[in-house]
Structure formats: structure tokens, C-alpha cells
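Morning, everyone. One binding site today, and I'll keep it quick. Structure up, please.

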Amino acid sequence: MTQASPLLAVQNVSKSFGAFRALDDVSLSIAAGEVHGLLGANGAGKSTLIGVLSGAHAPDSGSVAVAGTAIKGGSLQAARKAGLAVVHQELMMFPDRSVEENIFASVLPAAPFAFVPWKDRRQRVEAVLDRLGAHIDVRRRVGDLPLSQQQIVEIARALCSGGRVLVLDEPTSSLSQPEAEGLFEAIRSIVAKDAAVIFVSHRLDEVFKLTDRITVLRDGRVEGRWATADTDIAAVTEAMVGQYAQHRVNANAAPLKAPVALTLRGSAPGVRDLDLSLRQGEVVGLAGLEGSGVSTVMEMLGGVVPVDGSVDLGGTALRLRHPIDAIRAGIVYMPPDRKKGGLWLDRSVSDNIATAAVGRMRPFSWLRKSTLDGIAEKRLEEVGVRTNALYERVGRLSGGNQQRVLLGRNLESRPRILLLSDFTRGVDVKAKAAIHQLVRTLANEGITVCLSSSDLEELLDVADRVVCFRAGRVVADGPSTGFNKLSLLGTVSGVAAA
Amino acid sequence: AGTQVARAEDAPEWKTWRDSYYDKPIKMAVSCAGTTNPFFAPLKAGAEDAGKQLGIEVLWTGVPDGNTVNQISQFQQLVNTGYSVIVVILFEPDAWIAPIKKAMEAGVLVLTANNDSPDSARELYFGQDLVGAAEVQGQLLAKLAGGKGKVAMTNCAPGSLGLDQRVQGARLGTAAGGLEDVGVYNTNPADMASEIATMQDILRATPDLAAIMPLCGPDTAAAGLVRKSSGHSLPIVGTDMLYQTLELIRDGYVDATVGQQPYMQGYMPIMYGFQRVVLGAPKLDLPGGNYYLANEIVTKDNVETFLIREERFRG
Amino acid sequence: MPTMDNVTTASEGAVPRQRRRLGFDELGILVAVVLFMVIGSLTSPYFLTVNNLASVLQNITFLGFLCVGVGLVLMAGEIDISVGSIFGLASVVTALMLKNDFPLVLAIGGGLATGLICGLINGILAQAIKVPAVVITLATLGVYRAVALALANGSPVGGLPALPEFFDWFGQGGIGPISFITILFLVVAVIAEVVLRWTSSGYRLLAIGSHPHAATLIGFRVERTRVLVLAFSGLVAGLSGVCSVAYLNTAGPTGGTGYELSALAATIIGGVGLSGGRGSIVGVLLGLCVIGIIQNLIVLWGVSPNWTQGVSGLVLIAAMTLTWLTRRNEGRAH
Amino acid sequence: MPTMDNVTTASEGAVPRQRRRLGFDELGILVAVVLFMVIGSLTSPYFLTVNNLASVLQNITFLGFLCVGVGLVLMAGEIDISVGSIFGLASVVTALMLKNDFPLVLAIGGGLATGLICGLINGILAQAIKVPAVVITLATLGVYRAVALALANGSPVGGLPALPEFFDWFGQGGIGPISFITILFLVVAVIAEVVLRWTSSGYRLLAIGSHPHAATLIGFRVERTRVLVLAFSGLVAGLSGVCSVAYLNTAGPTGGTGYELSALAATIIGGVGLSGGRGSIVGVLLGLCVIGIIQNLIVLWGVSPNWTQGVSGLVLIAAMTLTWLTRRNEGRAH
Ligand SMILES: Nc1ncnc2c1ncn2[C@@H]1O[C@H](COP(=O)(O)OP(=O)(O)OP(=O)(O)O)[C@@H](O)[C@H]1O
Ligand SMILES: Nc1ncnc2c1ncn2[C@@H]1O[C@H](COP(=O)(O)OP(=O)(O)OP(=O)(O)O)[C@@H](O)[C@H]1O
Ligand SMILES: [Mg+2]
Ligand SMILES: [Mg+2]
């Protein structure tokens, strides 16, 4: 570890929201050429710290300095000028504008009415996307892209801005492994150019692969600091969430004999000639990289995307024209993007969960607030969110806790078949394990669970059976014990498995 | 302008005597259904002049957009708050039957001006015989057009009774004079630019037009402006006495206009109300309760007089 | 069930809030109403008389029906600006039917059906061609007005035959100083508020308004609900029109012109956001009161009618500022 | 770097689309304009004459200025409905100054300054009390109109002294059949479009309209931009008012009434979304053309005056339907 004057110095930063202390005397110093991992459980304060760095939050006390010069707290412009480029946990894109325009937004001429150099723009944008190994049509509207590509565009925007300190808040949460690899490559090449990177992730293997040093936050305080080489996952995990036994949820070893609960045959935009059967009480993992059609399959089952074909539920044909048709049949779909497709951020946790219960009621039926709150409370316990958050606006929860509220809401829809799209996005290790356990418990109760994740390894941990997709077709289907991480990646990416 | 009126307001003892007559200040109001329409500016001036000469308070109020429900509530608020005479300029006659009756029963003298509700219990109507005036206007236009050809009319307030009556009269008058009516076109009196565009479009749509008959003040001015800019020479006999119209008559771009003495429509009812309520004069017994004011026909020959009289309303 | 340690959330330490009957926005506007009432009674001896207050109530009644509809539409995330024309059209239809000696029930039914159909057309068109309802209603604002003008042939439909006893009694009478029409309006408003606050349908309406996509995914029928709420808005506008015939004994084809802006103003003052998902009928009523009081004070103060719109505008700004001040003191983020 | 050649991305398979100068929305509306022109020329022999088309252009010019401002405001994610009143107020100010023998430059400057200040007030108020501009402009719509009425004392400001040579030449003259005012309008529109499409400011404006929070985080000054674009909208409305004085030799205090709805209709037809972040001035011009052509055809066809608004409404619906059809054929999701 070189002790040159740090590129980024955070000193004694504290930040409270009302009576709640989100950051408590946090200090951090990062040298040029360093990739720094910032870890912590959901709600530990990582995003809040990043908000302070980017100028989105003014710290109550403490200071931030870049290359020795202090930057004014709470000023987004000052932070950008000082060379900080931030990728936020929640996507911050301009959905109506093209990919190109979104990326170039970070290097627009500051002067008003300055002509934008178009040729130059196209080249720079394509260069950045190339560096990330992404193939995205730069003329498309960002709002039309899938979540993972939006995330790549946002990363590209930060890379393009030419900042010296790149702050990435869970940039990989919806990326598949190859996409993440592209990002790591790009990160390494920019730190080599005298820059520094702060990297937040709940995927600890990534953190160990990429970072030079690690800081763990817990309840807003710095809980530990290591050079990555000097520590291991167990130690870091313990610092984050305390002791807990890290165990793999055991999938059913033998193929299930249970009756087929649902069969889907047909096509949709991006998915061809699908023939998928789910057995009762089975946990099925749908594996695929970006664009493989996995999300679309989930959406077909959930009644979001019309199926050109047939759906058969326990012997009766289903017509899924609207999510309500699926929900009435006991099929519940949890969307991958909690903000765009899931939660009412400006409403309370209780409201968000109770919505599912209200959805079951007849028109004009009377609501009892205490009943609804009771329902919400029960689900909160199930997904591990404190029940005193009942009246908190969901938008104020940390990203991971929002994800849990969403899960709780979908449980409240009382599924017979539960579709979980990218279900542990942004959830910390311990909670992730608990959610895996929860999925297993549900399956044991006879509920069929169909899940997808951008983290392929997770599928192997939880699923009984894995169905692999590539370019809209099923390319493999078998018990999860028949795959390992590498062979699975090989199968879905089409590169011959080692 | 011109003559100075002696103002009773200037004599304090008169004011005291008058107020003590009823133990409270005498308040009268004019409620107008279209307060932003410049046509009513002379009417307002007439009412206010009468008030000043009598030394009483005259409130000019109403609604800008012809909203009858609002105007009626406002009227009731006036009834409830001590106004002894209320002059109503109304657009929907039947709607006023009940409110006016109730107000009269409550001891408030209600008069109508410019537009009437004949079946209400209002005491008198001060205004023009709208059908008759438009008939005269149509006959005059027909004479100027040589007794044959097509005539286009414009209407700036479709849906109002007054304009309806004018259209009715205009059809009678032009038909009697031998003209063929090609239709009534809608205009937007609040927007001069669109008035002009509509006039131009009318000319293009009917190239063999023989005469133009605008039934509103702004339409008349717009028709004259278009004749000025395009150089055609179709006869125009219009309505009302906007100052711009008078100027256009003077300059030869409008042939004539039929005025209805809006100033007197404001002045007379206030004077009458004062006679009735303060001085205790008996009710004036006129046929149908109509106090008709004569039509004023302005042509190039007599326009100078009117230019002087209307000087104060040139805005 | 697996045990999961509870996870810290921001509300730790924060006292779990009791839900209030009045939210921030209603509070601000309540302050405004009280303020204007105090000002009114200080500046005019007539303001606080029964007759005067009754006439204020009467004045906001017809607009009030429309506001209930427009308010619910806004809460569902759409905007309806055709209500003034629907009001006019429904009143013309009812008056014409009465004039042509249809039985009273049919005439009333005709007016209500007109409103309902107009609203349905708004809703179905908006959903069919996937355009915000504000655009469709901007268009039908003109179309319905034109139909009213054409039916009435451009002039008020007056000279109705002696109105059936009941209609006349309903339109002209009342309980004490409060007219029956006002009472009907209050009943409609109360029902709307109860449905909105305490039933599943109101809950769904607000959820749809605040995040339509999430609502779709959870199985709420966004499109159908919006069609229905636009139809409801048409229906109450029609009801208002029918009542206006009973009240006025006539129907002007231009009746209700400009009501769309007043209704929007009242609902917005009343704390119903333009972006949907927020608001209450209580708020809308308070917003209406502000409008009614102002119109009253303009008369009582003898303000020149040139200033009528101006004063309303200034009051709207004042009300918004008050709302903002109360909200700011609540320390709400964003 | 791992080989990723085989990773399918969303754009693979889909034909890489050529970027068009005109987006979908402009395409739909262009189709509408052509359609209406064909209908016009088939149904009236006068439609396709130079004089007629020139008068259509003249007819949309004053509204056009307002549309440029309103369009930009919509793109920035706000709504301005006070422009009609600003138009009226600016024209009254200019006319009054001319009448009181101020020099021409000052009178023009007074009109423009009026527009600018009105727009600034809209913007600053909206940002200060954190209310959508539509609410503020709903209020100032009344306030500015009242000021105009009060200044002009309720009647048109006419009888201007012989206008300075230049003003008269500018207001009445033109190049061939195209008036100078129309040319000025086109120049303003072209400048606005160039700034919008090819400069940093236009870029930021659209980004802000599309997602204001994201724009804040990337360092764009959302509030300031919105204040400025509202000020600009006021300024062009003022410019339009000043031009109207040169054209009409008079200024009515009610001038421009109803322009707010027409301007909104034109911009929405022209593909500028109500939620911001989308649209172009070309689209706005096409939307204006639709409005102009319809108004022209209504007169050429001799449509009953009762139906004037109705036909405009139907055409608005037709235009939206066409836009929807073209969009749908492009097979865009959502
Ligand atoms: N604007 C806010 N108002 C109130 N509380 C807030 C606000 N923003 C964050 N918090 C609270 O601060 C705490 C820290 O949140 P933060 O988003 O920093 O967590 P995090 O470490 O990023 O978690 P995650 O891994 O789930 O993203 C949480 O308890 C959250 O509820
Ligand atoms: N409505 C549509 N029209 C045309 N093509 C579509 C449509 N929806 C999806 N596609 C295409 O279908 C393919 C599969 O999309 P899908 O979103 O299902 O991918 P995915 O593998 O689930 O992505 P991820 O899991 O990363 O979200 C992509 O190439 C996508 O561009
Ligand atoms: Mg976070
Ligand atoms: Mg996907």
C-alpha cells in the first residue's frame, strides 16, 4: 500500500435523516490507482455515503476532498468539477433520449448554446461502449432497453465523463457475468490511468476479484478495513452482518415426481418455440444472459406479454391477457425493476404490501386499516424488515430493503406459482441466504417457484432444475446438480464448456 | 366629452339629505353577463355618469363569460347586501324569471338592459328592438348592393339570445331587399387577428359575394380593415359603434353601422331607478314593459358627430 | 419459516406515525379557507349572514359536481377538461326533452345518459388510441359543445312547459337556506369520499394514479378503471346539467363554458396533484370554498369586474403558497 | 478481456434502425397535414391558391410564436397556459406607450419586457413555492388578463397616432404574399429548432424534461433552466403581442383569449409529449399547420358556426389517431 497523498479523502462524515443516524463519523481515504470495495448490509449507509460524495446529500459534519482540495458539501456541480463521477444504485437515465445522448450528457459543453460536436460524440460514445464490451445500438431510446443494458449505459456515461474518481453503487446488480467482466476490464484500465474507483456490491466474489482494499460499513460506522489480499469472505461477511452459518440451501437431489403444475408452449417477441413445464413444489431456475429471453418468459407466464401459443394450468387452458388473469390463476409475477415495475415509492410500506390484499377484493368492499396493517406486518417479518418501518415511505428505505418489501408484497398475493425475476437484486449476503431459505420453505409447502437471476451461481444454489436459454430458445434443461458454475456459463453463452 | 355636468356629489348637504332619506346610503348595481366585451364600455359609462350626477353608489359588476349560474348567484348576493336597484344585462331570459321575481318580492327594483327577459317580473327593459334593428340594417345593405346577390353574415356570440334575434332580423331584412343569404359565420370577438382571417376566408369561399353584414361590433371593424387592405368594394353595413368602426366609416371602408345607444342603456335605468326608489315616482306603464331606444344609423354623412360623441370610448 | 434478523431501517428511532385524517395538503388549504373567512367577515358586514353564505354555497354547487368528477379523474392520473361542455350538452338534452313533452323521468334519464356516454367516449377513445385523456377531452370539449349548439340551434332552450311539480320543487326549494341541489351535491361528495377513502375501489384508484405500471403488474385494470372514472366524471357533469335545468328553467348551449378551468383550479387548490395518486374530496371541497368565497368577496367589496379573474388568480397563488409553507414545516423531503 | 462475441444483446436480431431526421411522432403528423391538404384541395377550388395559403400562414403566425414557447416549456417538463394573457398584456402595453407618444423603440421594448417579466414571474414563482408551472400559469392567466383589462380600462386601445413608418411597413408589408411578421416567426422557429437540436442548451432542456431528478444528479440546473424557458415563453408571447399591434393598429385587452388551449393543442398534435423530454419545433409547426388548415377549411366549406369548435375537435382526434396508427405500425413496444 503506497501512502501517497490520497486521491479521495473522506474525513469524519456524519449524516442524519431526522433522528436516524445514517452515517456516523465515517472516514475513508483512497489512493490513485486503487479500486476500493465498499461493503455493508442493506441499510448500512453505503448509498448515503455515496450521496455525500456526489453532493446529493450535504453532510452534517465532516469533509470530502479530492486530490487535496476540499469540495463544497451538497453541491453536485462542485463534486463533478472535482472529478467525481457516480453511478447511482437506482438508474438515473433520461428514458426519452437515445443511448448516445444519455452517455454524452456527462461531457456536454458547459457553455449555453454551444454547438455539440456530433461526429466526435458518436465516436466517443462508441469507444466507451466498446471498452465495456457492450453491443448496444446507440440510437435507441434508453427507456426501451432492458434493465441490464440501461445499467451499462449508465456506467458508460460515468466512464465517459473523464472523472478521476469513479463511484459505482451496485453497478453489477442486474448484470450477467460476462457483462460484469467487461466492466471489470474497463475499471482496471481506468485505474491504471491514475484514477480511483469505489465499488459497491453484494456479490462478494466480484469484490475479491476486483478490489485492492475493502471497507465495511455497519449501521453507519466503519466496521473494518483490509487490504483485499489480507482477508477473506468469511471475515468480511462477519464484519458486515455478524456471525452466521453460511450454508447452501439443499436442492432436491432427485427429480421431482410431483404432477406438472403448468405448461407453457408458444412464442413471444424474443422467445421462440418454447415448451416449458413446471412441477408442483419445484424450484426452477431460468438461466440466460442478457437478451436470451428469460425475462420475456417470466413476463409471458405473468400475463404481461401476450403468449402466442398455449398455457395449461393443471389440465385447464389459461388465457393470459393481463396480469390479473395470471393472479386469479395463482400465478404471481415479481418484476425485476422494483422502481419502474414494482413499488409505490411515495407510499408507505404498509400500503405497498396491502395493495396485494386489496387486489383480491371486490369493488367497493370496505377496508379495515388494522387488517391491512396486520397483513403488512406479517409479511414484513417474513422478509426480515423491521415492522416499525410500517408507515415509512418505501422510497426512503435502502435499495435492498425495498427489494424485500417487494418480495413480501408478492407473497401476499398468495401464489401457487411464484415467478421471481432477478429476485435478490441488491440484497445483502445474509438476507440473500434467508430469501433462498424462504424459497425452499415455500416449495416445501407445495408452491412452484420459477426464478431468474443475473447471478448464475445463485440459481445453482437454490433451484432443483435449471433451464438454460440462449437467443430465445431453450438450450439445456436438467437438474441443477448436473451443472457447475462454469458449465452453466458455458451453456448459456454458447462457448463450449471446459 | 364637451359639456360639464353639474355633479350632485359636489354638494355635501344633498348627499346627507339623500342618505337620511332611507337611513342608509343608496346603492345601485349593474350586473353584466359579458364584462370584458368592449361593447359594454359605453353602457358602463352611462350608468356611472348617472350615479355621479345623482351622488349615489353605482357598482358595475358581472361575469366575463356569460356564465348564467355564476351571474345569478352574484345577483342574489347583491340582493342580499343592500342594493335597492339592480340593472341586469342577461343572456338567458328564462333562467332569470325566478331570481328576478324573488328579488322584486324582496323589495329590490330590477330592470333589464340591452338583452331582456320579457317573462320575468322585471319592471322595464331598456334597449334596442334587436330584431327590428337588424331588419333595418339588412334592408339598408340590400339597397347598397343593388337589390340582388349573395350576402354573408357573421356572429360573434353564437348561443346568445341577442345575436339570435339579430340573425333573425337580418334574414328578414336582407330577404325583403332581395339578397340571398349564404350563411352565418362564427367569429371570435376577443381575437382581432382571427376576426380578420375569418373575414378573408369568407371572401375567398364566396367569390361572388355581393354584400357583407357583420352582426357584432368587432366583426364590423374587421370587415372594414379587410376591405381597406384588400381593396374590394363590397358594401358593408355593420353593427354597433366601436370607435374603430367610426373611423373606418369616415375613411370610406365601411358604408354604415347601426348603433343602439349603449350609453343610454346604462344611463336611463339608473335615472329611472332613482326616480322610482328615492323620489317615489310611479311605475312607467309602457307596452310590454319595453323602453325602446332608437336605432342610430351612422353613415359617412353624419359620422363626424358620432366621432366627437364617442371620443371618450376610443380606449 | 426461516428466521431473519431484523434489518435496520430509517424509521428506527422515528416514531411510527399515526395516519391522519387530513394530510398536509388539506391542512394548508383549510388554513387558507379560514383565513379568507376571517378576512371576509372583517371587511364586510354582510359576509357572515346566513343568506350570503347560502348563496355562496349555491354558487359553488354546479361547479362542485364537476369538481368531484374532475378530482377523481386527476387522482387516477388523467385529466378531464370536457366537463363544462358535457354540463352544457346534458342540460340542453334535458331541456329539449321536457320541451317535447317527454315524461320527467325520461328527460332526467336522458340528461344523465348523455353525461355518461360523453364520459365513456372520452375514456374509451383515450384508451383505444393510447393518448392521455387530456388530449381527447381537449378535443371533445369542442365536439360536445358543438353538439349542444347544434341541438339547441344556437340559442337557449327556454319556454319549457310548466315544469313537473317535483322538478320545480327540487330545483327551487330547499331545507332552510340550503337548496336541495346543494344537498344532493353534498351527498354525492360524501359518497365519493367514502368510496375513495374506505373501499377497495378508492384504494385501487389512487394506486393506479400514482404508479400505473406497478398497478398493472399487481393485477389492477388500469385502462378499465380510467375509462370508468372518466365515465363517472361525465355522469356527474350530466347530473349537474340536469340540476341546472331544474334551477334555471332553461338550458343555454354555452352553459358551463369555462368550468373546466375553474374545476381544475378548485381541485388543484384542494391538494389534488396533477400527476395522480394524491388528494381527497374534502380537499376538493375546501378548494371549491376558496373559489366561492373569493367570488363572493369580489361582489361584496365591489371589485371592478376587470379584476375578477385577477383576484382569483392571486388567491390561487396565495393558497398554493400557504400549502407550501405548511408542507415545508412538516419537513417533507423533495 | 473475455470473449463476448456470442453474447446476444437486445439490438442484435432487430434491424439496426436508421436514425431519421423526423421521428415517429412527426411522421404521423406530417401524414395528417398532407391528408388535410389533399382533402382541402379536393373539396375547395380556392384552397390551393397562393393567396389562400398565405392567409393560412398569416392566420397561424401569432399563435405560432406562442407555440414555440409553449412547445419548449412542455419539452422541459412544465406547462405554460398563461401565454394568451401575456400576448394581450404586451400588446396593450405597446399600444398604450405608442398612444402616449413614447418613441417606437421604447414601445417595442416595453412590450417585449412585459412578456419577459411575466414569464420570469411564472418561472420564479413556480420554483419558489415548488408547484408545477401549470398551476402558477393557471393563476397568472387571470392576473395578467386583469392587468391588461385594467390598463386598457376594458376597451381596445385604438386611435394610435400615425404609426412610425417602420412599424407600419413591418406590420402591413411582406415579401410577396408572405408578411414580414410571418417571416419573423419562421426565423424565431428556426433558431429555436437549431438550439434545441444541435446545442448543449437544447440537449440539457430535453434531458431535464425527460427525468429531472437524473438531470439534477448529473449537474444540470433544472430549476434555473425551467425559469429561463418559461421566461422565453413569455418573451415570445410578448413579441407576438407587439407584432399584433403593428398588424392591427390597435390592441384589445382580451386579445389572445383562448390561445392557451390552441397552443397546447398544436404542440400536442405536433408530437410534444405532456410529460416532457420529447418533441421538436418541426413537429410543433406541423401541428400549427393542422390547426390553420382546419380553421381555413371550416370557412371555405361554410360549416355551420355551431360546428366550428366541433370540427376542430374531431380533427384533433383524427390527427391523434393517425399518429397512433403510424406509431403502431412501427411496432414499438409500450
Ligand atoms: N432520504 C432519506 N430519508 C430517510 N432515511 C433515509 C433516506 N435515505 C436513506 N435513508 C436511510 O438510511 C439508511 C442507509 O441507507 P442506504 O441507502 O445508505 O443503505 P445502503 O447501505 O446503500 O443499503 P443497500 O445495500 O440496501 O443499498 C437506511 O436505513 C435508509 O432507510
Ligand atoms: N416487444 C419486443 N419487440 C421486439 N423485440 C423484443 C421485444 N421484447 C423483447 N425483445 C427482444 O427479445 C430478446 C429477449 O429479450 P428479454 O428482455 O427477454 O431478454 P432477457 O434475456 O430476459 O434479458 P435480461 O434477463 O437481461 O433482462 C431481446 O433481443 C429483445 O430485444
Ligand atoms: Mg444502497
Ligand atoms: Mg431481462
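I'll go through the surroundings of the ligand, then its contacts, then its cover.

This is a predicted model, where local features need pLDDT of at least 70, side-chain atom pairs count only at pLDDT 80 or more, and totals for chains, interfaces and linings use all residues. Residues are numbered from 1 along each chain as written, chains are lettered from A and ligands numbered from 1 in written order, and side-chain values use heavy atoms, without hydrogens or water.

Where does ligand 1 lie? Between chains A and C. Its shell holds 21 residues, each with a heavy atom within 4 Å. The closest are K46(A), S47(A), T48(A), R396(A) and G400(A).

Now polar contacts, meaning pairs of N or O atoms within 3.5 Å. A polar side-chain atom of K46(A) sits 2.7 Å from a ligand 1 oxygen. For N42(A), again through a polar side-chain atom, the distance to a ligand oxygen is 2.9 Å. R396(A) uses a backbone N or O atom, 2.7 Å from an oxygen of ligand 1.

On its own, ligand 1 has 630 Å² of accessible area, and the protein covers 90% of that (Shrake-Rupley, 1.4 Å probe).

Which elements give two or more residues to the shell? β2 (20–30), α1 (46–54) and α14 (399–412) of chain A. The largest share, three residues, is from α1(A). These are DSSP runs: helices (H or I) of at least four residues, strands (E) of at least two, numbered from the N terminus.

Last, domains, with bounds from an automatic or database assignment. Domain 1 (8–241) and domain 2 (260–493) of chain A each supply at least three shell residues.

Conventions: A polar contact is a pair of N or O atoms within 3.5 Å; within protein, one must be able to donate a hydrogen and the other to accept it, and residues adjacent in sequence count only if both atoms are side-chain atoms.
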